[in-house]
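Hello,

I am passing a structure over to you, and my notes on its sheet follow below. Please have a look when you get a chance.

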Amino acid sequence: MQRRKRIVDISLFAISKSRFSSSSIKPLTNLDFPYSKATDDDDDDPLYADVPKPRKDKSERKPYPTPMKELIRRAKEEKELRKSQPCRVLEDPPDNGLLVPELVHVAHRVHRCRASLLSGLSRIVHHHVSVHRCRFCSEVHIGKEGHGIRTCAGPGSGSRSATHVWKRGRASDVVLFPKCFHLYDRALKPRVLHDERFTVPKISAVLELCIQAGVDLEKFPSKRRSKPVYSIEGRIVDFEEVNNRNSETAVTSITTATPFQEDDHYSAENKSLKELSIETMESWFEMVTGVKELMERFKVWTCGYCPEIQVGPKGHKVKMCKATKHQMRDGMHAWQEATIDDVVGPNYVWHVRDPDASALDNSLQRFYGKAPAVVELCVQGGAQVPDQYKSMMRLDVVYPQRDEVDLVA
């Protein structure tokens with residue numbers, strides 16, 4: 001009995017000690033192991049961003065931003081509402097053909113930031129920082145000479161051991177603005193047919209988003225209404241019997257609240273490279289923030305298999321998809337909800353810490369970081385590294401020497 005009682009006392013003491021020690025132990029994080037892999041906790045950190053990796057299989061469909069169950073639920077609610085109210089007035093803009101008053105100034109701000117961004121990038125590229133582009137693929141590098149990382153997947157890359165062949169790049173290679181069809185009336189004519197593919201102009205998706213949100217441009221007119229449209233069994237009908245002049249003057253006070261002057265030259269002042277880089281980066285972040293805000297109300301669609309994009313209530317019907325399984329769709333695009341990367345392509349490039357040093361080595365590829373081309377260009381111009389891209393650019397990683405690569409775990 002005494003032996004059994006002694007064993008029970010020892011067990012209770014061990015259990016109580018383990019509870020005390022577990023409560024006092026602090027969980028380990030990546031700060032304790034700086035070279036460990038990312039965990040799920042790091043993904044929740046807004047300041048943590050890993051180097052983006054391309055899709056392994058490009059034949060697979062892009063992931064849906066909104067879960068499929070949520071899309072099915074919305075479709076069922078819309079179908080039930082259509083049955084209960086066959087004829088109804090659409091109340092929520094921009095579905096009813098009207099502008100969203102609180103987003104008009106956002107559209108003008110995005111338009112100005114886009115013009116400022118393009119102007120700043122052209123000045124930096126032409127006079128200060130060099131940009132290189134591969135002749136056979138879409139790879140872009142920012143620096144005095146192209147890198148030596150063998151990631152080329154263009155024609156004849158096998159005979160070159162995937163080595164890039166560099167040529168002089170331009171400002172348009174730094175940031176990607178995919179184009180879409182311009183819609184004159186997004187409510188009554190939301191789709192572009194296949195026979196209209198050569199008659200309807202294609203413009204930048206960001207510019208089209210600004211036009212639909214309230215920016216007026218003479219070159220790309222847009223229908224402006226003063227009264228909402230009707231929905232009759234799912235079809236949009238406009239019963240407005242007001243002259244176009246009256247409807248245009250009715251919305252003039254809204255759309256010209258913050259007028260945009262195309263004659264504004266942001267590069268008129270003589271500024272240093274550092275000041276120009278800082279202003280260009282600020283325009284980039286302000287434009288991306290405004291585009292995200294506009295995309296919450298104005299729908300933007302992208303193909304699930306190719307980079308085609310369309311701003312409007314629905315995707316177009318032009319049969320021009322050449323991606324995977326396009327024969328099953330008769331060349332039609334598989335439309336789904338777009339993300340900010342589909343509208344404004346970040347175009348990730350390798351980060352160069354010292355532009356005057358030698359080119360990036362292929363054997364040290366896993367130690368290099370990446371950043372959007374606009375951020376990398378502005379950082380090399382003298383701007384400060386943004387906090388959200390410090391981890392992606394791997395500034396805390398020490399590059400080993402070429403003869404030390406095999407010694408690093």
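Two strands are taken to pair if DSSP finds at least two bridges between them, and strands (E, at least two residues) and helices (H or I, at least four) are DSSP runs, numbered from the N terminus. This is a predicted model, in which local features need pLDDT of at least 70, side-chain atom pairs count only at pLDDT 80 or more, and totals for chains, interfaces and linings use all residues. Residues are numbered from 1 along each chain as its sequence is written, and side-chain values use heavy atoms, with hydrogens and water left out.

Now to the sheet. It is open, has 3 strands in the order 3-2-4, and its pairing is antiparallel. At the edges lie strand 3 (140-142) and strand 4 (166-168), each pairing on one side only. From one strand to the next, the twist averages 35° (axes are lines fitted to C-alpha atoms, for helices over the stretch in contact, and angles run from 0 to 180 degrees between N-to-C directions).

Strand 2 (residues 131-134) joins strand 3 through 3 antiparallel bridges, and H132 has H141 of strand 3 as its bridge partner. These two strands, 2 and 3, form a hairpin with 5 residues between them. Strand 2 also pairs with strand 4, again antiparallel and over 3 bridges; there, C134 has W166 as its bridge partner.

Best wishes
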